[in-house]
Amino acid sequence: WEPDCAEKMDSVVTVPQVTLEAVLEQVELGMSVGLFAGVAAARCLAALSRLQNDCLATVLPALKLRLVPDLVVVGGRPSADEAFSQARGCWEPLPPSTTPRSNCCVAAVAGRLLVAGGWNEAGQLTL
């Protein structure tokens, strides 16, 4: 390796200066995070950065259309709280219910599952 070769390499290779702000302003970042990790992860990214939040406001509707929703199973005896991720093609456990129950109603609201009614393990009606 000759010193003049190293000098030539230094003069040819330049690294652009990129700020974190410039990266967070990229709509592609939010779309990539959302496609890889889901809408909830994209929302978390938006909550961390005001710049990314502004970009994601335009991306989230398109992201929701591109992602297939997961199938969620809640309750039963024994309790089976899990979700089938169509993007990953497998079942994944959900956090355990605070009150295991069967014959309940479930609704997805603002990224959370709300469980109401049903019977607890002792066979008593719950709210």
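This text walks through a predicted model of a protein, from its overall layout to its helices and then to two places among its strands.

The protein has five helices and seven strands. Read from the N terminus, the order of elements is α-α-α-α-α-β-β-β-β-β-β-β, so the helices precede the strands along the chain. The chain counts 127 residues, and 20% of them are buried. Among contacts with a separation of 6 or more, 32% join residues that stand 24 or more positions apart.

A starting point among the helices is H3, which spans residues 27-37. Its buried residues are Gly30, Met31 and Gly34. Viewed down the axis of H3, these buried residues fall within an arc of 95°, and therefore they line one face of the helix. Glu28 and Phe36 are on the other side of H3, where they are exposed. What do the buried residues of H3 pack against? Their partners are H4 and H5. Just after H3 comes Gly38, with a positive phi of about 105°.

The contact of H3 with H5 can be followed in detail. The two axes come within 8 Å of each other and cross at roughly 40°. That angle makes H3 oblique to H5, because angles that are neither under 35 degrees, nor over 145, nor from 65 to 115 count as oblique. The crossing in which H3 passes H5 is right-handed. On the H3 side, the residues that meet H5 are Val27, Leu29, Gly30, Met31, Gly34 and Leu35. On the H5 side, they are Gln52, Cys55, Leu56, Val59, Ala62, Leu63 and Arg66. Sorted by class, this contact holds nine nonpolar, three polar and one charged residues. The buried residues of H3, namely Gly30, Met31 and Gly34, appear in the list of H3 residues that meet H5.

The next pair is H4, residues 39-48, and H5, residues 50-66. How far apart are their axes, and at what angle do the helices pack? The axes lie 7 Å apart, and the angle is about 160°. H4 and H5 are therefore roughly antiparallel to each other, since angles over 145 degrees count as such. Here H4 passes H5 in a left-handed crossing. From H4, the residues Val39, Ala42, Arg43, Leu45, Ala46 and Leu48 take part. They meet Arg50, Gln52, Asn53, Leu56, Leu60, Leu63 and Lys64 in H5. The residues of this contact divide into eight nonpolar, two polar and three charged. Gln52, Leu56 and Leu63 of H5 meet H4, and these three residues also meet H3.

The strands offer two places to look at. Asn103 lies in the loop between strand E4, residues 101-102, and strand E5, residues 105-109. Although Asn103 is not a glycine, it has a positive phi of about 55°. Is Asn103 buried or exposed? Its relative accessible area is 64%, so Asn103 is exposed, the cut-off being over 50%.

The other place is Trp119, in strand E7, which covers residues 119-120. With a relative accessible area of 35%, Trp119 is partly exposed, because this value falls between the limit of 20% for buried and that of 50% for exposed. Trp119 and Ser102 are 17 residues apart along the chain, while their C-alpha atoms are separated by 5.2 Å.

Notes
Residues are numbered from 1 along each chain as its sequence is written. This is a predicted model: local features need pLDDT of at least 70, side-chain atom pairs count only at pLDDT 80 or more; totals for chains, interfaces and linings use all residues. Side-chain values use heavy atoms; hydrogens and water are left out. Axes are lines fitted to C-alpha atoms, for helices over the stretch in contact, and angles run from 0 to 180 degrees between N-to-C directions. Helices (H or I, at least four residues) and strands (E, at least two) are DSSP runs, numbered from the N terminus. A crossing is left-handed if the near helix is turned anticlockwise from the far one by less than a right angle, and right-handed if clockwise. Contact means heavy atoms within 4.5 Å. Ala, Val, Leu, Ile, Met, Phe, Trp, Tyr, Cys and Pro count as nonpolar, Asp, Glu, Lys and Arg as charged, and the others, Gly among them, as polar. Buried means under 20% relative accessible area, exposed over 50%, partly exposed in between (1.4 Å probe, protein chains only). The arc is that of the directions from the helix axis to the C-beta atoms.
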